[in-house]
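Trainee: I've got a model open and I'd like to learn how to read it. Can we go through it feature by feature?

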Amino acid sequence: MPKPILLSVDDDSDVLRAIERDLRSQYGAEYRVIGSDSPVGALDLLKQLKIRNDNVALLLADQRMPRMDGVEFLQEAMRIYPDAKRALLTAYADTNAAISAINEANINYFFLKPWDPPADRLYPQLDDLLDDWQASYRPAFDGIRVLGTRWSPRCYELRDFLARNHVPYQWIDVELSANDAETKRLLEALGPEAANLPVVLFPDGTKLLESVPAEVAQRVGLRTRAQTTFYDLAIVGGGPAGLAAAVYGASEGLHTVIVEREAPGGQAGMSSRIENYLGFPSGLSGGDLARRAVVQAQRFNVEILAPQECVGIRVEGPYRIVKLVDAGEISCHALMIATGVQWRRLEAPGVDRLQGAGIYYGGGANEALSCKNEIVYVVGGANSAGQAAMNFAKYAERVVILVRGKSLSSTMSQYLIDQINQTSNIQVWAHASVAEAHGETHLEEISVLCSDTNKIERVPASAMFIFIGALPRTDWLANVIARDERGFILTGPDLMHEGQHPKGWPLDRDPYLLETNVPGIFAVGDVRHGSVKRVASGVGEGSVAVQFIHQYLSKV
Ligand SMILES: Cc1cc2nc3c(=O)[nH]c(=O)nc-3n(C[C@H](O)[C@H](O)[C@H](O)COP(=O)(O)OP(=O)(O)OC[C@H]3O[C@@H](n4cnc5c(N)ncnc54)[C@H](O)[C@@H]3O)c2cc1C
């Protein structure tokens with residue numbers, strides 16, 4: 001946490017040096033002492049300090065300065081830092097002006113020049129002022145601040161990215177806090193740049209305008225570039241399956257890299273509470289699981305590149321090479337594909353237009369708080385929808401689960417159905433599907449088709465979260481990796497036809513259990529054809545696959 005600031009302003013450089021020296025010798029341990037020889041320059045400096053979220057404890061200005069006198073300066077400075085203590089340095093001849101300034105312009109004190117000895121004529125009074133300031137001082141947030149609006153898809157994307165990568169930040173909704181005095185001061189200090197939302201302010205005073213996750217990732221030190229170009233094991237996808245493979249692989253001596261498009265944790269990272277993962281009797285949040293797994297992987301020196309995306313693949317002799325979205329490449333002996341699945345799109349008018357502005361796919365764990373006292377719709381009848389509904393119910397006035405079928409019983413685990421039945425502000429709307437989403441700048445209403453009555457009902461809705469099943473996104477593997485008709489990757493016995501190896505298979509042995517049609521390329525977790533879509537199964541597959549990788553590597 002940076003120390004609060006004592007700012008002195010005097011156009012006479014000798015006096016400025018002297019006051020800075022005296023302030024520093026007495027208060028330097030607790031405060032930063034800054035001097036400026038121009039009141040205009042000092043006002044610019046204060047704006048910069050405001051943008052950095054620095055605290056200013058004292059403004060000490062000489063009364064007689066060209067263009068702007070001390071009282072004028074302090075009055076202007078007060079608009080930026082109203083809580084800073086304000087004092088004037090005056091010559092004896094200006095005593096009357098100083099006294100009236102105290103009365104009329106909210107100046108706290110005036111000091112006569114020269115102030116020697118400071119132990120008598122400066123420090124006791126300043127001690128009083130600073131004690132007073134300390135009593136109401138609340139340290140400002142010392143980290144990244146994001147300015148934006150709730151309904152902006154770009155702001156949502158950035159916040160979601162930061163939250164899922166566990167980057168702490170302070171969110172300032174410039175619309176909701178438009179009447180907050182501190183927000184107004186910050187926006188004033190930013191000037192016209194404040195219109196380029198989302199604005200990200202860093203503690204060193206730098207900022208990104210209209211910022212996107214990749215830019216922020218670089219600034220906060222998330223690694224997106226590989227340290228070397230060759231690895232024993234490269235893993236695409238940092239969900240539970242990929243992370244487990246990385247921990248097992250690296251702990252057994254394999255030089256391992258994970259490439260992750262969004263944030264380590266995968267789908268599990270979006271889960272508000274996983275209740276069926278062994279060893280956590282009271283459940284744990286997906287974010288927590290992801291954070292622990294990342295720490296564990298890093299302990300074994302796994303390199304995690306995020307955000308970074310694999311967009312192509314090729315095989316050159318014993319080398320498996322993945323192409324990255326930024327045109328880089330990584331080559332390896334063994335490649336593991338653990339890219340999971342992505343939400344299916346909801347096909348209804350208005351949904352695409354309002355995505356990120358009240359309509360979200362998955363998500364929830366990070367958004368629940370912003371739905372306080374609102375009516376939230378959750379679309380889908382599987383466990384992921386049930387968990388999200390339970391989480392929203394803690395904050396929302398009412399949560400409505402829309403399901404196409406006649407109840408949840410065929411799609412959701414009984415323990416979740418029981419919890420939902422016991423939660424008074426959750427309502428299950430059966431035989432219901434979204435026909436249209438309405439709203440100008442953000443979601444305001446939805447039309448719901450009731451299949452039992454064949455009628456459409458239009459209801460107010462401020463947020464809708466969609467959990468309607470998922471599909472793999474594996475087009476980038478086309479022509480190299482064998483997949484089923486829905487894009488899930490075939491492995492092991494699923495590749496064999498009447499005892500025959502898959503087309504182009506170059507070895508005498510059969511593909512290993514989790515191996516694809518290319519030797520040395522493995523697929524684990526939700527992306528694999530026939531996989532059980534659970535955290536524990538992903539973790540299990542990722543761990544087991546490492547044994548096959550060792551067998552494969554022993555013959556390369
Ligand atoms: C909201 C929710 C709640 C859930 N609750 C539970 C639960 O309580 N219990 C349970 O057992 N299961 C639960 N699940 C299911 C569980 O999360 C998944 O089965 C599990 O996460 C699958 O792990 P995975 O590693 O195979 O894939 P994923 O978790 O999907 O991870 C795949 C990762 O690969 C990345 N990726 C994709 N393509 C690329 C690319 N081209 N380049 C780089 N990276 C890429 C993705 O960004 C993603 O991070 C839940 C799922 C959701 C969505």
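Trainee: Let's start with a helix: which residues of H1 are buried?

Mentor: Keep in mind that this is a predicted model. Buried means under 20% relative accessible area. In H1 the buried residues are Val-15, Leu-16, Ala-18, Ile-19, Glu-20, Asp-22, Leu-23 and Tyr-27.

Trainee: What do the buried residues of H1 pack against?

Mentor: Four strands and two helices turn up there: E1 (5-9), E2 (32-36), E3 and E4 (85-90), along with H5 (118-121) and H6 (123-135).

Trainee: How does the reach of H1 fit with what's expected at 1.5 Å a residue?

Mentor: H1 runs over residues 13-27, which is 15 residues. From first C-alpha to last it reaches 20 Å, close to the expected 21 Å. Check its start, too: Asp-12 caps the N-terminal end, with a side-chain oxygen 2.9 Å from the backbone nitrogen of Asp-14.

Trainee: How do I describe two helices that pack together?

Mentor: You give the angle between their axes and the distance between the axes. Try H2 (residues 39-52) and H3 (residues 70-80): their axes come within 10 Å and cross at roughly 10 degrees. Angles under 35 degrees count as roughly parallel, so H2 is roughly parallel to H3.

Trainee: Which residues of H2 and H3 meet?

Mentor: From H2 you have Pro-39, Ala-42, Leu-43, Leu-46, Lys-47 and Lys-50, and they meet Phe-73, Glu-76, Ala-77 and Ile-80 of H3. That contact divides into seven nonpolar residues, three charged ones and no polar ones.

Trainee: Now a single residue. Is Asp-62 buried or exposed?

Mentor: Its relative accessible area is 3%, so Asp-62 is buried. You'll find Asp-62 in strand E3, residues 56-62. Its side chain makes a polar contact with the side chain of Lys-113, at 2.5 Å. Beyond its neighbours within four places in sequence, Asp-62 is in contact with Val-9, Asp-10, Asp-11, Asp-69, Gly-70, Leu-88, Leu-89 and Lys-113.

Trainee: Which peptide bond follows Lys-113, cis or trans?

Mentor: The bond from Lys-113 to Pro-114 is cis, with omega near -15 degrees. Pro-114 sits in the loop between strand E5 (109-112) and H5. Another cis bond leads from Ala-306 to Pro-307, where omega is near -5 degrees. Pro-307 belongs to the loop between E12 (303-305) and E13 (310-316).

Trainee: Phi next. What is phi of Asn-301 near?

Mentor: Look at the sign and at the residue type. Phi of Asn-301 is near 65 degrees, a positive value in a residue other than glycine. Asn-301 is in the loop between H11 (286-299) and E12, and at 64% relative accessibility it counts as exposed. Asn-454 also has a positive phi, about 60 degrees, although it is not a glycine. Its place is the loop between E22 (445-450) and E23 (455-460), and with a relative accessible area of 63% Asn-454 is exposed.

Trainee: One more: what does the side chain of Arg-273 reach?

Mentor: The backbone oxygen of Ser-282, at 2.9 Å. Arg-273 lies in the loop between E11 (256-259) and H11, and its relative accessible area of 35% makes it partly exposed. Leaving aside neighbours within four places in sequence, its contacts are Ser-282, Gly-283, Leu-284, Ser-285 and Gln-387. The C-alpha atoms of Arg-273 and Asn-383 are separated by 11 Å, while the two residues are 110 residues apart along the chain.

Definitions and conventions:
Residues numbered from 1 in each chain as written. Predicted model: local features only at pLDDT ≥ 70, side-chain atom pairs only at ≥ 80, totals over all residues. Heavy atoms only, no water. Buried < 20%, exposed > 50% of the residue type's maximum accessible area, 1.4 Å probe, protein only. Polar contact = N/O pair within 3.5 Å; in protein donor to acceptor, adjacent residues only side chain to side chain. Contact = heavy atoms within 4.5 Å. Axes fitted to C-alpha atoms, helices over the stretch in contact; angles between N-to-C directions. Parallel < 35°, antiparallel > 145°, perpendicular 65-115°, else oblique. Nonpolar A, V, L, I, M, F, W, Y, C, P; charged D, E, K, R; others polar. Expected span 1.5 Å × (residues − 1).
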